[in-house]
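Here is the note you asked for, set out as numbered points. Please read each point with the structure open beside it.

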Amino acid sequence: MTIFYLDIASFQAGIDLAGALAVSAKATQGTGYVNPYFAAFVAEGAKHGAFVFAYHFLEHGNAAAQAAACYKVVGKMPLMLDFEPASTRPTLADATTFVDAYRKLGGICWLVYLPKWYWSQSPINSASLAPLASRGLLLVSSSYSTYTDASSGAGWQPYGGMTPTVWQYADAISFNGKLVDFNAYRGTHPGDQSVSAILDTLNEFRSIVTTGHLPVPKPPTPDPLPTPPIPAPITPDPTTEDDASMLVTPDKSLVPAGTAWPGVFLFTGGVLFYVEPAEKNPAGVLIDNVAAFLGGGSKPIQTITWNQYVALGGV
């Protein structure tokens, strides 16, 4: 998705910005010029929901003073530096001095308009643009030719070690009755002309003008976690080591002399119960109690020492 935006100066005074997605408006030039229509351009853009940012036309010399004069007018609004000749021919040093001073004041400047034709002439003479790139500046080129999104387009060709982020491809397109310059920014939604793609691309452009970077992508929304099943109620295991009923009997060989062998006991719940090995039920049937306890889940009869028997309470 590519968005196209206009840049305007006093020549376009009174322009209707209805339908504009973004607008670059001239604010200042050198140390002494303030565009008398700048505030009106900002208000007109805001009325139509356009993203408006300013530009300063750079002159040769007094670059720090130019930055101070510009900042008084523009403040915290993002700014593009217009680096081309007019009455003077600014240098790379003018551009970097302006940017450094402007940012030190708290200004925002990430775009620099530097046409390839001026870059190739004196005083730049096709020099490396590393001083601009090292400051994170993004290049705006100009080539008034047939526009294309293809990388082969004239305005997308690199020079000075920088590749243009924006291409000013026309200087006289009619917009709401005014002839204006038009620029193109290629977003990250190639071929997509949906409303969401337009909004995303405009957000990208706003971000690079404001921060020098594309916006940080939102983390994907994780799929909702499945609802865990409700666990079945836990039923205590009656046969665990700690609480299982246990049939115990002292080792007959270890019973102290003069003491009768006490027999078989049921140890459960911390209490020792004597188990009559066999007895008749009311119907007169002989019941094997030991076998019944074993059948009910008690552990097999455990042989313990006399001291263990006494410790369990068997006296």
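1. For the pocket linings discussed below, Ala, Val, Leu, Ile, Met, Phe, Trp, Tyr, Cys and Pro count as nonpolar, Asp, Glu, Lys and Arg as charged, and the others, Gly among them, as polar. On that basis, the residues that line the second largest pocket divide into four nonpolar, three polar and three charged. Please keep in mind throughout that this is a predicted model.

2. The second largest pocket has a volume of about 200 Å³, and its lining is made up of Thr188, His189, Asp200, Asn203, Glu204, Leu214, Pro215, Val216, Pro217 and Lys218. Of these lining residues, Leu214 can be followed in some detail, since its place in the chain is clear: Leu214 lies in the loop between α6 and β10 (246-250). Leu214 and Glu204, although 10 residues apart in sequence, have C-alpha atoms 5.5 Å apart in space. Leaving aside residues up to four places away in sequence, Leu214 touches Tyr185, Thr188, Glu204, Ser207 and Ile208. Is Leu214 buried or exposed? Neither word fits, because its relative accessible area is 45%, which makes Leu214 partly exposed.

3. Helix α6 (residues 195-211) has 17 residues, which should span 24 Å at 1.5 Å a residue, and the calculation agrees with the model because the end C-alpha atoms of α6 are 24 Å apart. The buried residues of this helix are Ala197, Thr201, Leu202, Glu204, Phe205, Ser207, Ile208 and Val209. As a general point, an α-helix has 3.6 residues a turn, so residues three or four places apart point the same way. After α6 comes Gly212, whose phi is positive, near 85 degrees.

4. Helix α3 (residues 92-104) can be read in a similar manner: its 13 residues reach 18 Å from the first C-alpha to the last, close to the 18 Å expected at 1.5 Å a residue. Within α3, the residues Leu92, Asp94, Ala95, Thr96, Phe98, Val99, Ala101 and Tyr102 are buried, and the elements that cover them include β4, α2 (63-74), β5, β6 (109-113) and α5 (130-133). This helix is followed by Gly106, whose phi is positive, near 105 degrees.

5. Turning to the largest pocket, about 300 Å³ of space lies within it. Twenty residues, written as 20 in the count, line this pocket, and Asp7, Ala9, Phe11, Tyr55 and Asp181 lie nearest its centre. At least two residues of the lining are supplied by each of β1 (2-8), β2 (22-29), β4 (51-57), β5 (79-82), β8 (166-175) and β9 (178-186), with the largest share, three residues, coming from β9. By residue class, the lining of the largest pocket divides into 11 nonpolar, three polar and six charged.

6. How many disulfides does a search of the whole structure find? The search finds zero disulfides. Cys70 is in no disulfide, and the nearest cysteine sulfur, that of Cys109, is 8.2 Å away. A bond between Cys109 and Cys70 is ruled out in this model because their sulfur atoms, 8.2 Å apart, are too far from each other, a disulfide being a pair of cysteine sulfur atoms within 2.5 Å. Cys70 is buried, with a relative accessible area of 0%, and Cys109 is buried too, with a relative accessible area of 1%.

Notes
Residues numbered from 1 in each chain as written. Predicted model: local features only at pLDDT ≥ 70, side-chain atom pairs only at ≥ 80, totals over all residues. Heavy atoms only, no water. 1 Å grid on protein atoms, 1.4 Å probe; cavity = no way out; pocket = protein on both sides within 12 Å on 5 of 7 lines; lining within 4 Å. Points joined across faces, edges and corners; volume = space filled by probe spheres on them. Helix = DSSP H or I, 4+ residues; strand = E, 2+ residues; numbered from the N terminus. Expected span 1.5 Å × (residues − 1). Buried < 20%, exposed > 50% of the residue type's maximum accessible area, 1.4 Å probe, protein only. Contact = heavy atoms within 4.5 Å.
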